Amino acid sequence: MLWVKAFHIIFVISWMAGLLYLPRLFVNHAMASDAATQAQLQLMQRKLLRFTTLLGKLALIFGLWLWLQWGFSGGWLHAKLTLVLGLIGFHVYCAKLVRDFAAGRNTRSHVWYRYFNEIPTLLMIAIVILVVVKPF
């Protein structure tokens, strides 16, 4: 079971890295004015999203494996899973934004994306506290 836990942690860290960097690409893309830079950022967004999606799926598979092995108990776990659903929703919304940028439909400013970029950080902090401290 320690191997499963180790792989879950590895894939969660990797998934989070992608979720932290992808919105930063949105900031840069919203600021870009020339077509070549925009095309390069679109390519980076698409590739990062694809890789991040794979890592997220692996994190969820190993997390589900842990849950099935150890059970579902404790209020902290319910809260954690609610926040994980929030991360999944964030990920799905990022995929929509990648499609919007690719289609030239972005309507948000770089400032909006700077605030948007903080959402996964806040969710990650809350999730780590819940997992380590288990406050309830």
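# Briefing: a five-helix chain and its largest pocket

The largest pocket holds about 950 Å³ of space. Of the 29 residues that line this pocket, H8, G63, L66, K80 and V131 are the closest to its centre. The structure is a predicted model. The chain has five helices and zero strands, and the points below treat the pocket, the chain as a whole, two of its helices and two residues of α2.

**The largest pocket**

- Two or more lining residues come from each of the elements α1, α2, α3 and α5, the last of which covers residues 119–133.
- Helix α3 makes the greatest contribution to the lining, with eight residues.
- Sorted by class, the lining consists of 22 nonpolar, four polar and three charged residues.

**The chain as a whole**

- Along the sequence, the elements follow the pattern α-α-α-α-α.
- The C-alpha atoms fill a box of roughly 50 × 25 × 15 Å, taken along the principal axes.
- The chain has 136 residues, and buried residues make up 32% of them.
- Among contacts with a separation of 6 or more, 79% join residues that are 24 or more positions apart.
- The accessible surface of the chain comes to about 8100 Å². Carbon and sulfur atoms account for 71% of that surface.

**Helix α2**

- Helix α2 runs over residues 35–70 and contains 36 residues. At 1.5 Å a residue, the helix should span 52 Å, and the distance of 51 Å between its end C-alpha atoms agrees with this.
- The buried residues of α2 are L41, Q45, L48, L49, T52, L55, G56, A59, F62 and L66.
- An α-helix has 3.6 residues a turn, so residues three or four places apart point the same way.
- The buried residues of α2 pack against two helices, α1 (2–31) and α3 (75–102).
- One of these buried residues, L66, is also among the residues closest to the centre of the largest pocket.
- After α2 comes G71, which has a positive phi, near 90 degrees.

**Helix α3**

- Helix α3 has 28 residues, and at 1.5 Å a residue it should span 40 Å. Its end C-alpha atoms lie 41 Å apart, in agreement with that expectation.
- Helix α3 is followed by G104, whose phi is also positive, as is that of G71. For G104 the value is near 75 degrees.

**Residue T52**

- T52 belongs to helix α2.
- T52 has a relative accessible area of 2% and is therefore buried, since buried means under 20%.
- When neighbours within four places in sequence are left aside, T52 is in contact with W15, G18, L19 and H91.

**Residue F62**

- F62 also has its place in helix α2.
- The relative accessibility of F62 is 14%, so this residue counts as buried.
- Not counting residues up to four places away in sequence, F62 touches V4, F7, H8 and F11.
- F62 and F7 are 55 residues apart along the chain, yet their C-alpha atoms are separated by 6.9 Å.
- H8, one of the residues that F62 touches, is also among those closest to the centre of the largest pocket.

How values were computed:
Residues are numbered from 1 along each chain as its sequence is written. This is a predicted model: local features need pLDDT of at least 70, side-chain atom pairs count only at pLDDT 80 or more; totals for chains, interfaces and linings use all residues. Side-chain values use heavy atoms; hydrogens and water are left out. Helices (H or I, at least four residues) and strands (E, at least two) are DSSP runs, numbered from the N terminus. The expected span of a helix is 1.5 Å times one less than its number of residues. Buried means under 20% relative accessible area, exposed over 50%, partly exposed in between (1.4 Å probe, protein chains only). Contact means heavy atoms within 4.5 Å. On a 1 Å grid over the protein atoms alone, a cavity is a set of points where a 1.4 Å probe fits but cannot get out, and a pocket is an open set with protein on both sides within 12 Å along at least five of seven lines; lining residues have an atom within 4 Å of a point. Grid points are joined across faces, edges and corners, and a volume is the space filled by probe spheres set on the points. Ala, Val, Leu, Ile, Met, Phe, Trp, Tyr, Cys and Pro count as nonpolar, Asp, Glu, Lys and Arg as charged, and the others, Gly among them, as polar. Accessible areas come from the Shrake-Rupley method with a 1.4 Å probe; for residues, only the protein chains shown count as cover.
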